[in-house]
Amino acid sequence: MSEGGTTIEYTPTWVVAVVCSVIVFISLVAERILHFFGKYLKKKNQKPLFEALQKIKEELMLLGFISLLLTVFQDRIAKICISEDLAHQWLPCKEKKEVTIEHFQTLFSSFLPNGNGRRLLAEPADSTAYCTTKGKVPLLSNTALHHLHIFIFVLAVVHVTFSALTIVFGSTKIHQWKNWEDYAKDMEDDPEGVVKTKITQVQEHDFIKGRFLGIGKNSEIQGWVYSFFKQFYGSVTKSDYITLRLGFIMTHCRGNPKFNFHNYMMRALEADFKKVVGISWYLWAFVAIFLLLNFVGWHTYFWIAFIPFILLLAVGTKLEHIITQLAQEVAERHMVVTGELVVQPSDNHFWFNRPRLVLRLIHIILFQNSFEMAFFAWIWVQYGFNSCMMGQVRFIIPRLVIGVFVQFVCSYSTLPLYAFVTQMGSSYKKAIFEEHIQEGLVGWARKARKKNKGSGFKRPSNESSQVGPKEESPLVFEMDKVNGKESSSSAV
């Protein structure tokens, strides 16, 4: 026997077999569900969503590896000793002599053969005594290590869930624009419009009337204020959609006026989903910084809620202002135009001339909001609502309100805005081609690249992960370059 509890040497074999069987069965069921869901997506030709599912599997594998490391090295971590003075600095709560039994551990106590809910991970009895004999304390107790283990699991699950819900709700919002796409195509097929030469009064155009606020510094300030509030109601109107759609087609698809812009947006959004659902290294760095600064008196858990909130408002305002800028450019240059009013997409309207930066910011917004909600749920379940880490009610309510607000606005406003407005850059994404055409072009490009490898053929360098409208090299080589860069960026 062991002081820490009954070891497996003295545990009934039927108990070991039953517990192992249950764990393996649950794992296999989860794996089969993901497998059949992946087959369904491939059957429906939803390759971007299938790749997003693969990204989720990668996150689960990383989570399993973290669990393995925590289990294997917990004994060694518990035997890393530090001085008592150092152990009493930067505590998230004021020390109490009494230690309460955690709710989460009690929940699983019935599954353990010795009935001890405190030892879900193996907890050596001599871990504390080892450091006590040296006049020190363990760097991290097995109990705290187990709680950290649970928190990482909760964070990963909440982030994946919230990201998926955001994409689903955002796609639902974008799907409502399908009627505008059909209307625009019907207008193009109108025989009377083909015969007559149309003269458009710029100032009378619905798009200009709704977005153009005049010329001068005052109008610039008004434009930003208008854009800030516009993201909360009617973020994209029918005239916005039809005008910007035409600008995209005239810039990138002039030879195909019946191009389905709506389907292209949906394919591009699905391709971006696999980047949003992942947890990059800089997001894990954010977690580490938060855990470092979350000590008593700072209320870090409260202030951290404002980061996704402020970023969300900034991104939404910027995207709305880009539409306003497009209207401003046309209204300042023309009074009357022959034919339809056409805007000119450009990267210059985006921060640092990088439309893809918006996706990175949305990724940060979703993760930080997920982190905030996961941290709240973990504290509530693990330590109870009255825990000192939970904070006072006057801090809790604003955190929850902000979290729900961010999730709602990001799903129904910011994400659809991103999917729509980022198409107004100087380049287009490879999602402009159907999946089978993409594969054919990339395969052709790779073969041609190998064939011309020794003939001095060089492709121009381009850091963008998108394809430009004016190609300096053959389109197939550009497609191959885009495919390679998007694959490498998704691995970051």
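User: Which residue follows α16, and what is the sign of its phi?

Analyst: In this predicted model, glycine 384 comes after α16, and its phi is positive, near 100°.

User: How does the length of α16 agree with what its residue count should span?

Analyst: The general idea is to allow 1.5 Å a residue. For the 28 residues of α16 that should give 40 Å, and the C-alpha atoms at its ends are 40 Å apart, which agrees.

User: Is α16 largely enclosed or not, and how many of its residues are buried?

Analyst: Buried means under 20% relative accessible area. By that cut-off 23 of the 28 residues of α16 are buried, so the rest of the structure largely encloses this helix.

User: Where do nonpolar side chains tend to be in soluble globular proteins?

Analyst: They tend to be buried together. Here the largest nonpolar core has 59 residues, and the members touching the most others are Ile208, Phe248, Phe261 and Phe420. Several helices supply at least two residues each, including α2 (47-78), α6 (142-175) and α16 (356-383). The largest share, ten residues, is from α17.

User: What is phenylalanine 420 in contact with, beyond its neighbours within four places in sequence?

Analyst: Its contacts are Trp177, Val236, Asp240, Tyr241, Leu244, Phe261, Met265 and Ile323. Another core lies apart from the largest one; it has 29 residues, among them Phe290, Tyr301, Trp378 and Met389.

User: Which residues form a nonpolar patch on the surface?

Analyst: Trp14, Val18, Val22, Phe25, Ile26, Val29 and Ile33 do, with about 730 Å² of accessible area together. Tryptophan 14 belongs to helix α1 (residues 13-43).

User: Why does tryptophan 14 count as exposed?

Analyst: The cut-off for exposed is over 50%. Tryptophan 14 counts as exposed because its relative accessibility is 61%.

Notes
Residues numbered from 1 in each chain as written. Predicted model: local features only at pLDDT ≥ 70, side-chain atom pairs only at ≥ 80, totals over all residues. Heavy atoms only, no water. Patch = residues over 30% accessible without salt bridge, like charges linked within 9 Å, V, L, I, M, F, W, Y side chains within 5 Å. Areas by Shrake-Rupley, 256 points an atom, 1.4 Å probe, with all protein chains shown as cover. Salt bridge = Lys/Arg side-chain N within 4 Å of Asp/Glu carboxyl O. Helix = DSSP H or I, 4+ residues; strand = E, 2+ residues; numbered from the N terminus. Buried < 20%, exposed > 50% of the residue type's maximum accessible area, 1.4 Å probe, protein only. Core = buried A, V, L, I, M, F, W, Y, C linked by side-chain atoms within 4.5 Å. Contact = heavy atoms within 4.5 Å. Expected span 1.5 Å × (residues − 1).
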